[in-house]
Amino acid sequence: MGELEALYLAYTIIWAGLFGYLAYLHMKQMKLSKDLKLLEEMVKKNERK
Amino acid sequence: MKFDKKMDTMVLVLALVFVLLAIYMALIYTPVVDDPGWNAPKAQKIFYFHVSAAWVSFLAFGVVFIMSILYLAKGLKKWDDLAFASAEVGVVFCTLAIVTGPIWGSAEWGVYWRWEDTKLTITFVLWLIFVAYLVLRGGVESEDKSRLAAIFGIIGFVCVPLSFVSSRIWQSMHPNVVATSEGSMSAETGMGLLAGVVAFTFLYLFILKKRLNIIEMTSKIEDLKEKIGGL
């Protein structure tokens, strides 16, 4: 592999990898936050009954 | 471990500032190595983030080691959660180091990997151990899962100091980062590396907090599900 090709490839992998992982965590956090709200509402409703 | 929102934002801002600074330092500020001994001097700039990723993975596995000891001693869930979160983030950074190293190797050595090189092999074993740690945490259904994982995390950490010193103890093609008797890195190179290490350390703290938050939310959801089932 040429040295500039190697440099571009390595930097692309590092930043795409890190931001991909961060995006995955963010989406997971959003989904869990929604689920948690829904469950908390269900618990409140059940307790009122 | 509870950070407030302000602390979270501060860590994110610091991470972003240092990431931009580190990219500038690595690509523009630091000189291309001027040594006939290097076959691919431009590709050497991979080093700034390859070493930083490796450093953060060592830090993350060190946190797993300490939290695992604390968990075994005190049995508190928060230590176990922190060990789990740090192991996952450590594996991500270790993967980046393990992937970018061979890319540099292909330009510099003409081959991607050298199995005879102790540093490369030990780091690969370290990565495998912590991937196995994550599989153990995700796959084993046992009440002792956390204890087993803690023991695994403590044993796995042994590879960290071994990987760190291996290129100095055994014959290795892997360049030495820390200064040796043969010479040290230039001030510019040192500053570039420092910026990368600081940037990745702040990124690690930010990601660790996010991952820990996910673990806590998952536990809360499980508790609420049980509560609903019990009502």
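The legends below describe close-up views of a predicted model with chains A and B. Local features are given only at pLDDT of at least 70 and side-chain atom pairs only at pLDDT 80 or more, while totals for chains, interfaces and linings use all residues. Residues are numbered from 1 along each chain as its sequence is written, chains are lettered from A in the order in which they are written, and side-chain values use heavy atoms, without hydrogens and water.

**View 1. Chain B is built from helices.**
Chain B has seven helices and zero strands; helices (H or I, at least four residues) and strands (E, at least two) are DSSP runs, numbered from the N terminus. Its C-alpha atoms fill a box of roughly 75 × 40 × 25 Å along the principal axes. Of the 231 residues in chain B, 47% are buried. Buried means under 20% relative accessible area, exposed over 50%, and partly exposed in between (1.4 Å probe, protein chains only). In helix α7 of chain B lies B:E226, which is exposed at a relative accessible area of 64%. From B:E226 to B:D34 the C-alpha distance is 64 Å, with their positions 192 residues apart in sequence.

**View 2. The largest nonpolar core draws on both chains.**
A nonpolar core is a set of buried Ala, Val, Leu, Ile, Met, Phe, Trp, Tyr and Cys residues joined through side-chain atoms within 4.5 Å. The largest one has 80 residues, and A:W15, A:L18, B:F49, B:F93, B:F200 and B:L203 touch the most other members. Helix α1 of chain A gives two or more residues to this core, as do several helices of chain B, including α1, α2 and α3. The largest share, 17 residues, comes from α7 of chain B. Beyond its neighbours within four places in sequence, B:F93 is in contact (heavy atoms within 4.5 Å) with A:L18, B:A53, B:V56, B:S57, B:F200, B:L203, B:Y204 and B:I207.

**View 3. Chains A and B meet at an interface.**
Here 39 residues of chain B are in contact with 29 residues of chain A. The two chains bury about 3300 Å² between them, 82% of it on carbon and sulfur atoms. Buried area is the accessible area (1.4 Å probe) that two parts lose on being put together, summed over both. Zero salt bridges are found across this interface; a salt bridge is a side-chain nitrogen of Lys or Arg within 4 Å of a carboxyl oxygen of Asp or Glu.

**View 4. Two salt bridges reach helix α3 of chain B.**
Side chains of opposite charge can pair when their charged atoms come close. B:R137 and B:D80 form a salt bridge at 2.8 Å, N to O. This pair links helix α4, which holds B:R137, to helix α3, which holds B:D80, 57 residues apart. B:R137 is buried at 8% relative accessible area, and B:D80 is buried at 6%. A salt bridge also joins B:R211 to B:E88, with the closest N and O atoms 2.8 Å apart. B:R211 lies in helix α7 and B:E88 in helix α3, so this pair ties together parts 123 residues apart in sequence. B:R211 is buried at 6%, and B:E88 is buried at 15%.

**View 5. B:E116 and B:R114 form a salt bridge.**
The N to O distance of this pair is 3.7 Å. B:E116 is exposed at 57% relative accessible area, whereas B:R114 is buried at 18%.
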